[in-house]
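Here are a few notes to read alongside the coordinates. I have kept each point short, so you can check it against the view as you go.

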Amino acid sequence: MSAVMIAGEAVGRAVPLVAGALGASGIAVAALPSRVAVRAELRKRWRTWAIAAPVFLGALVLGAGGAFALAAALGVTAVSEYVRMTGLPRAEHGVLAVAAVVLPALAWLAPDAMDPRAVDLRVVALLLMAAALPALLAGDHERGFTRSARTVFALLWIPLPLTGLVVLQDTAVAVGLAVALGDVGAWCGGTALGRRGPLARPLSPLSPSKTWAGVLGAAGATALVLAAVGAFTPLLWAAVLAGCVLGDLLESMVKREAGVKDAGSWLPGFGGLLDRIDSLLLALLLAMVVTA
């Protein structure tokens, strides 16, 4: 069976769930009284999801080529936001932007080089050298190590995980959908159960609003979604849940050091693209590990 047919079947299983979730949430948001403080914010988020979901599924239904295009577009945008947050120079921005295109292209055109079971050491060596080269050539003895370290982190955090959209094929559909609805489950769990008691304890000072109640909500939502699309396994569920929980904290750590609230301001209801895909990045990376 071709990759396009496999991806098509996965998307076909996901479409009814996505349509149902968008329909039900749209009705719920529209019915909120005007006095509800978060009404406008939730409406913005719903409109963003109504556009993003068809784009995500539409790209993946095209198979590896569509997944490459999606991964490259997300990667180039996300690394641009990361560079603005961390203050990296233009040279490192160029390195990260090229990697955001080249790594998904390798996963598409030379899959053995990006096989999670044995990533080609030549790829690892090239990534390390590409990260350090701009500072080395500039002779930056004041910030060279910081620049290189931040660039290596970005390579491992953004372009590399996004190759999972190509490598995982049908599983990428399930992971993306589970992460999206896992975030909703976390919000519902935190709202319903996180007001008092042990479940109201924050996971980390990095994000005091993220509570153990939210983890419980995310755990239930991700398990239900993976089961609904026929992709549930304990390891995949654990990978997706870890992505939902830790991915947001990881970005919060970066933003707090950078002194910014959001990675951007152009994505209605979310801020920047990194604010939307932070959980997906870690979930894809872990999913590649547990399915290898």
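1. Let me begin with a helix pair. In this predicted model, helix 3 (residues 64–86) and helix 12 (residues 273–291) have axes that come within 10 Å of each other and cross at roughly 115 degrees. Helix 3 is therefore roughly perpendicular to helix 12, since angles of 65 to 115 degrees fall in that class. The crossing of helix 3 and helix 12 is left-handed.

2. Next, the charged pairs. The count of salt bridges comes to nine. One of them joins Glu92 and Arg147, whose closest N and O atoms lie 2.8 Å apart. This pair ties together distant parts of the chain, with Glu92 in helix 4 and Arg147 in helix 6 (residues 144–157), 55 residues apart. Are Glu92 and Arg147 buried or exposed? Both Glu92 and Arg147 are buried.

3. A second salt bridge is found within one helix. Lys255 pairs with Glu251, and here the closest N and O atoms are 3.8 Å apart. The two residues are four positions apart in helix 11 (residues 234–258), so about one helical turn separates Lys255 from Glu251. Lys255 and Glu251 are both buried.

4. Please look at Lys261 and Asp262 too. Their side chains meet in a salt bridge, with 3.8 Å from N to O. Lys261 counts as exposed because its relative accessibility is 69%, and the cut-off for exposed is over 50%. Asp262 has a relative accessible area of 30%, so this residue is partly exposed. Elsewhere, salt bridges with shared partners join Glu92, Asp140 and Arg147 into one network. Glu92 and Arg147 are the pair from point 2, with 2.8 Å between their closest N and O atoms.

5. Finally, a surface feature without charges. Which residues make the nonpolar surface patch? Val76, Val98, Val101 and Val102 do, and the patch covers about 270 Å². Helix 4 (residues 90–109) supplies the largest share of this patch, with three residues. Val101 is found in helix 4, and its relative accessible area of 34% is why Val101 is classed as partly exposed. Helix 4 is worth a second look in your viewer, as the helix that holds Glu92 of the salt bridge to Arg147 and also gives the patch its largest share.

Technical notes. Residues are numbered from 1 along each chain as its sequence is written. This is a predicted model: local features need pLDDT of at least 70, side-chain atom pairs count only at pLDDT 80 or more; totals for chains, interfaces and linings use all residues. Side-chain values use heavy atoms; hydrogens and water are left out. Patches are made of residues with over 30% relative accessible area and no salt bridge: like charges are joined within 9 Å, nonpolar side chains (Val, Leu, Ile, Met, Phe, Trp, Tyr) within 5 Å. Accessible areas come from the Shrake-Rupley method with a 1.4 Å probe; for residues, only the protein chains shown count as cover. A salt bridge is a side-chain nitrogen of Lys or Arg within 4 Å of a carboxyl oxygen of Asp or Glu. Buried means under 20% relative accessible area, exposed over 50%, partly exposed in between (1.4 Å probe, protein chains only). Axes are lines fitted to C-alpha atoms, for helices over the stretch in contact, and angles run from 0 to 180 degrees between N-to-C directions. Angles under 35 degrees count as roughly parallel, over 145 as roughly antiparallel, 65 to 115 as roughly perpendicular and the rest as oblique. A crossing is left-handed if the near helix is turned anticlockwise from the far one by less than a right angle, and right-handed if clockwise.
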